[in-house]
Amino acid sequence: MTFEQDKTVAVPDTLPAILPLVVGIGGTIGGVSSTERALRIALDAVEKQGYRTQMFGGADMARLPLYDPKATTRTADERAFVEAVRGASAVIIASPGYHGSISGVVKNALDLLEETARDERPYLADMPVGLIATAYGWQATGSTIAALRSIVHALRGWPTPFAAAINTQVTKFDDEGGANDPAVIEQLCLVGRQVARFAPLSEPAN
């Protein structure tokens with residue numbers, strides 16, 4: 001399998017006052033995980049294209065209460081998450097594969113996007129969305145990517161053509177932001193580059 005070579009985004013004569021924001025959502029509760037490290041590599045690739053990024057990792061999502069659609073108020077953490085997605089031009093979602101699907105903490109964060117249902121741009125409408133799945137085995141990576149694609153479609157987003165499926169039984173990440181398999185790093189960077197390529201086409205909701 002081959003992947004496209006790294007490309008830089010052509011810089012226009014007049015740069016926008018605020019560069020597009022790409023929000024990363026992913027991780028697990030209980031410390032920095034392989035999922036979070038994979039997401040960070042993809043977001044670093046976005047930043048190399050000149051765009052802004054904001055990451056909501058496992059610790060951030062752990063502070064989000066279980067989504068209650070009937071709640072009349074939201075916590076500061078809930079509001080910060082929703083406002084970040086409202087202001088984003090693209091999103092990257094990374095989830096571990098739990099029992100063949102996405103984790104509860106990632107699903108809970110995505111459920112909170114129901115707060116945008118009445119926005120001019122609801123949910124992830126018209127946004128490019130990069131997808132990353134990590135699992136201890138190949139079978140769960142495939143089913144988790146499929147679940148993520150289905151959720152993004154339901155949220156009216158556009159999954160980018162390439163999604164990264166990472167078998168953590170084989171691939172090991174390190175604390176320095178790398179991994180033992182250069183091909184995996186390239187896959188994650190490709191997710192970031194594809195998202196960055198289409199981010200300027202999406203208009204933030206605020």
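**Overall shape.** I started with the radius of gyration: the protein chain comes out at 16 Å, and a compact globule of 206 residues would be near 17 Å, so the two agree. Note to self: this is a predicted model. The C-alpha atoms fill a box of roughly 50 × 45 × 30 Å along the principal axes. I also looked up burial, and 52% of the 206 residues are buried. Of the contacts with a separation of 6 or more, 77% join residues 24 or more positions apart. The exposed surface is about 10,200 Å², with carbon and sulfur atoms supplying 54% of it.

**Elements.** I count 6 helices and 6 strands. From the N terminus they go β-α-β-α-α-β-α-β-α-β-β-α.

**Strand 3.** Next I picked residues 90-96. All 7 of the 7 residues in strand 3 are buried, so the rest of the structure largely encloses this strand. Side chains in a regular strand alternate between the two faces of the sheet. Here Ala-90, Ile-92, Ala-94 and Pro-96 point one way, while Val-91, Ile-93 and Ser-95 point the other.

**Its neighbours.** Strand 1 (residues 21-26) runs parallel to strand 3, joined by 5 bridges. On the other pairing I checked, strand 4 (residues 128-135) is also parallel to strand 3, over 6 bridges. Ile-92 stands opposite Gly-24 and has Gly-130 as its bridge partner in strand 4. Between strands 3 and 4 the chain passes through helix 4 (residues 104-111), in a right-handed β-α-β crossover.

**Helix 4.** I listed its buried residues: Val-105, Val-106, Asn-108, Ala-109 and Leu-110. Their cover includes strand 1, strand 3 and helix 5 (138-154).

Terms used:
Residues numbered from 1 in each chain as written. Predicted model: local features only at pLDDT ≥ 70, side-chain atom pairs only at ≥ 80, totals over all residues. Heavy atoms only, no water. Buried < 20%, exposed > 50% of the residue type's maximum accessible area, 1.4 Å probe, protein only. Helix = DSSP H or I, 4+ residues; strand = E, 2+ residues; numbered from the N terminus. Pairing = 2+ DSSP bridges. Right-handed = clockwise from strand over helix to strand, strands pointing away. Contact = heavy atoms within 4.5 Å. Rg over C-alpha atoms; globule rule 2.2 N^0.38 Å. Areas by Shrake-Rupley, 256 points an atom, 1.4 Å probe, with all protein chains shown as cover.
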